[in-house]
Amino acid sequence: MHNTSRTSRFTISRLRQRLKIEDHDDLSRIPPHLVDGIVSNGNAHMELGNRSMAENGEEKNREHDDKKKKKRLLGGIKTMPFILANEVCDRFATTGFYANMITYLTQQLNLPLVKASNTLTNFGGTISVTPLIGALIADSYAGRFWTITVGSVIYELGLVSMTLSAVLPHLRPPPCPTQVNCKEASSTQLWFLYISLLLTSLGTGGIRPNVVTFAADQIDMSKSSVQSRSWNFFNWYYFCMGLSTLTALTVVVYIQDNVGWGWGLGIPTIVFALSILAFVFGAPLYNKLKPGGSPLVRLAQVIVAAVKKRKSVVPEDSKLLYENRELDAAISVHGRLLHTNQFKWLDKAAIVTESEAIGTNPPNLWKLATVHRVEELKSIVRMLPIWAAGILLVTAGSHQYSFVIQQARTMDRHLSHSFQIPPASLSIFGILTMLIGLALYERLFVPFARRFTGNPSGISCLQRMGIGFMVNIIATVVSALIEIKRKAVAAEHNLLDDPQAVIPISVFWLMPQFCLHGVAEVFMSVGHLEFLYDQSPESMRSTAAALYWMAISMGNYIGTLLVSLVHKYTGSENNWLPDWNLNRGRLEYYFLLVSGIQVINLVYYVICAWFYTYKPIEEITIKEEQDDEEDKIPHKRLSDANRNGDVELAINRESE
């Protein structure tokens with residue numbers, strides 16, 4: 001009866017339209033045979049519409065299946081050599097001149113130690129703050145592939161200009177082998193240096209936050225897939241970076257100290273140029289996710305919507321809050337964030353008012369946000385306290401490339417009668433420890449810990465970071481004890497007033513602190529990066545990776561501030577960090593100060609980790625994606641059918 005009623009309504013509508021009869025006119029004057037003819041014609045027309053609709057649906061299904069197959073052929077392990085080549089060469093180039101740059105600044109540009117140290121930490125801070133800009137560009141507009149490509153070109157320009165500064169004599173002050181009454185670099189020479197460093201910093205901003213996430217985009221990073229794998233992507237990513245750094249610290253630093261700075265900077269420049277070609281060559285193989293729009297705008301929309309509805313009452317049933325899977329499809333490809341009870345004030349942004357319930361679709365996102373978008377903001381807010389704890393860890397290690405290298409320069413570095421270790425190459429002990437530690441962590445520690453915790457990863461990211469914090473405190477305390485030992489030997493041989501003298505104590509006394517920092521990196525640095533990637537919304541993962549580098553940036557800046565304050569307020573006679581003679585300083589006090597700050601930071605981290613709640617997510621499997629697409633087809637047909645009353649009737653019959 002219901003279908004007949006629909007047919008009758010349709011027939012009357014068609015009759016009025018065909019015969020141009022007004023609604024108030026009587027239809028009884030129309031001959032019956034004419035009515036039957038029009039109805040028959042309408043039924044035939046409906047059948048044709050049905051057939052045409054089915055054919056169009058099948059064609060669209062085939063096109064959709066072809067697109068899905070092509071998408072699944074993209075990405076995978078085969079893309080890793082092209083992608084990681086870029087990151088490996090970036091780390092190789094950066095380490096190649098940054099690790100030994102304190103030597104270049106003090107012996108080639110004749111800068112005082114504190115000024116040179118602050119230049120390095122400021123550069124380290126800048127090179128780590130630009131990734132936030134690069135991440136926002138990639139997540140919002142350009143996508144990761146093009147951001148990496150453009151950033152690499154800018155970075156290469158910085159390397160070329162840096163190499164020129166080392167090759168052309170007029171870009172450096174006159175040589176000063178005695179390091180006494182030396183002429184410092186002029187303002188012009190320093191500006192050329194700063195421009196070179198700025199270009200490398202800008203280029204790094206496009207590379208660092210995007211390479212790790214772009215590489216992760218090529219493989220299945222869903223929770224179920226990660227747990228089923230016997231390897232951890234972030235462990236192996238960090239392992240590749242460690243190998244690159246190790247090569248730079250051995251080969252490049254040796255060339256800089258023994259062959260010349262022209263070749264020492266030229267080799268990383270050439271290698272990085274080749275890596276750009278390799279990355280672009282692999283472009284047809286990459287799985288390139290489209291940017292989902294500015295994440296900052298989405299976060300701002302949630303805040304503005306919540307403020308506008310601050311007087312509204314959040315319903316007790318979270319299912320009454322606004323959800324729109326189609327609207328969130330571009331920013332929730334692999335899973336939708338589920339509602340949480342934390343920061344419930346933000347839920348006001350997802351309250352559907354009466355006017356919005358009958359309003360336009362899609363809604364005004366500055367007035368109404370989906371649950372997924374609200375939970376994006378909640379995820380970021382939850383992450384920030386944990387992220388902030390990593391800043392002071394970087395501050396504690398910022399002296400590794402400045403004061404510790406100057407310590408090493410005063411110690412016996414001979415491995416044989418004719419060969420001695422370059423001071424900057426001492427970092428290889430930390431890198432080697434990190435590489436060995438990552439392998440042991442993957443193969444021994446994780447299976448062992450899994451027996452007790454039941455966690456497929458052995459321990460959680462938060463537990464891993466906590467262990468790293470504790471090891472780092474031990475490392476800085478050991479640094480203080482070794483400095484006390486070094487100065488005691490210098491005093492014993494009356495060498496405290498001779499900054500150029502070689503103190504008869506082996507440089508290998510510095511090895512324990514480097515090894516401990518390497519162990520801390522295995523736990524803290526890798527855990528920190530994995531935590532930020534895993535707990536961030538998927539549409540903001542480049543931005544989350546940028547937060548990792550932001551922590552490094554802020555840690556370096558705080559290191560600069562701490563060194564400047566200590567140098568300024570510890571007096572001129574017994575200064576903890578003197579400019580020219582480290583033997584008359586109190587470097588061990590500085591290390592102990594950093595250790596005390598780290599203890600306070602550890603207490604703060606434990607409190608934050610204790611109250612942290614992991615983000616809940618409803619992952620979308622391949623089967624669910626297929627089901628979703630099947631569900632979308634009738635809706636799309638109905639949308640197309642609305643343009644023609646004939647087809648609309650056929651759809652109504654199918655649905656009924």
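User: How do I read the packing of two helices, and how do α17 and α18 pass each other?

Analyst: Two packed helices are described by the angle between their axes and the distance between the axes. Axes here are lines fitted to C-alpha atoms, for helices over the stretch in contact, and angles run from 0 to 180 degrees between N-to-C directions. In this predicted model, the axes of α17 (residues 461-492) and α18 (residues 511-535) come within 8 Å and cross at roughly 155 degrees. That makes α17 roughly antiparallel to α18. Angles under 35 degrees count as roughly parallel, over 145 as roughly antiparallel, 65 to 115 as roughly perpendicular and the rest as oblique.

User: Which hand does the crossing of α17 and α18 have, and how do the contact residues divide?

Analyst: α17 and α18 make a left-handed crossing. A crossing is left-handed if the near helix is turned anticlockwise from the far one by less than a right angle, and right-handed if clockwise. The contact of α17 with α18 has 19 nonpolar, eight polar and two charged residues. Ala, Val, Leu, Ile, Met, Phe, Trp, Tyr, Cys and Pro count as nonpolar, Asp, Glu, Lys and Arg as charged, and the others, Gly among them, as polar.

User: What should I know about the numbering and the model?

Analyst: Residues are numbered from 1 along each chain as its sequence is written. The model is predicted, so local features need pLDDT of at least 70 and side-chain atom pairs count only at pLDDT 80 or more, while totals for chains, interfaces and linings use all residues; side-chain values use heavy atoms, with hydrogens and water left out.

User: How many helices and strands are there in the chain?

Analyst: The chain has 22 helices and four strands. Helices (H or I, at least four residues) and strands (E, at least two) are DSSP runs, numbered from the N terminus. Of the 656 residues in the chain, 50% are buried. Buried means under 20% relative accessible area, exposed over 50%, partly exposed in between (1.4 Å probe, protein chains only).

User: Which other helix pair is worth a look?

Analyst: Try α9 (residues 233-258) and α16 (residues 427-453), which pack at an angle of about 155 degrees with their axes 9 Å apart. These two helices are therefore roughly antiparallel to each other, and their crossing is left-handed. Contact means heavy atoms within 4.5 Å. Among the residues making it are Trp236, Phe239 and Leu246 of α9 and Ile431, Leu435 and Tyr441 of α16. By class, the contact of α9 with α16 has 13 nonpolar, five polar and two charged residues.

User: Where does His517 lie, and is it buried or exposed?

Analyst: His517 is part of helix α18. With 11% relative accessibility, His517 counts as buried. Its C-alpha atom is 9.0 Å from that of Ile431, although the two are 86 residues apart along the chain.

User: How do α19 and α20 cross?

Analyst: The axes of α19 and α20 come within 12 Å and cross at roughly 130 degrees, and the two helices are therefore oblique to each other. Their crossing is right-handed. Leu562, Val563 and Val566 of α19 meet Tyr590, Leu593, Val594 and Ile597 of α20. This contact of α19 with α20 has seven nonpolar, no polar and no charged residues.

User: What span should α20 have, and which helices do its buried residues pack against?

Analyst: The expected span of a helix is 1.5 Å times one less than its number of residues. For the 24 residues of α20 (residues 587-610) that gives 34 Å, and the end C-alpha atoms are 35 Å apart, which agrees. Buried residues of α20 include Leu587, Phe591, Gln598 and Tyr605. The buried residues of α20 pack against α13 (371-389), α14 (391-397), α15 (403-409), α17 and α19 (541-569).

User: What does a strand residue such as Ile503 touch?

Analyst: Ile503 sits in strand β3 and is buried, with a relative accessible area of 0%. Not counting residues up to four places away in sequence, Ile503 touches Thr410, Met411, Asp412, Arg486, Val489, Ala490, Leu495 and Asn583.

User: Which phi value does Asn494 have?

Analyst: Most residues other than glycine have a negative phi. Asn494 has a positive phi near 55 degrees. This residue is in the loop between α17 and β3 (503-506), and Asn494 counts as exposed at 70% relative accessibility.
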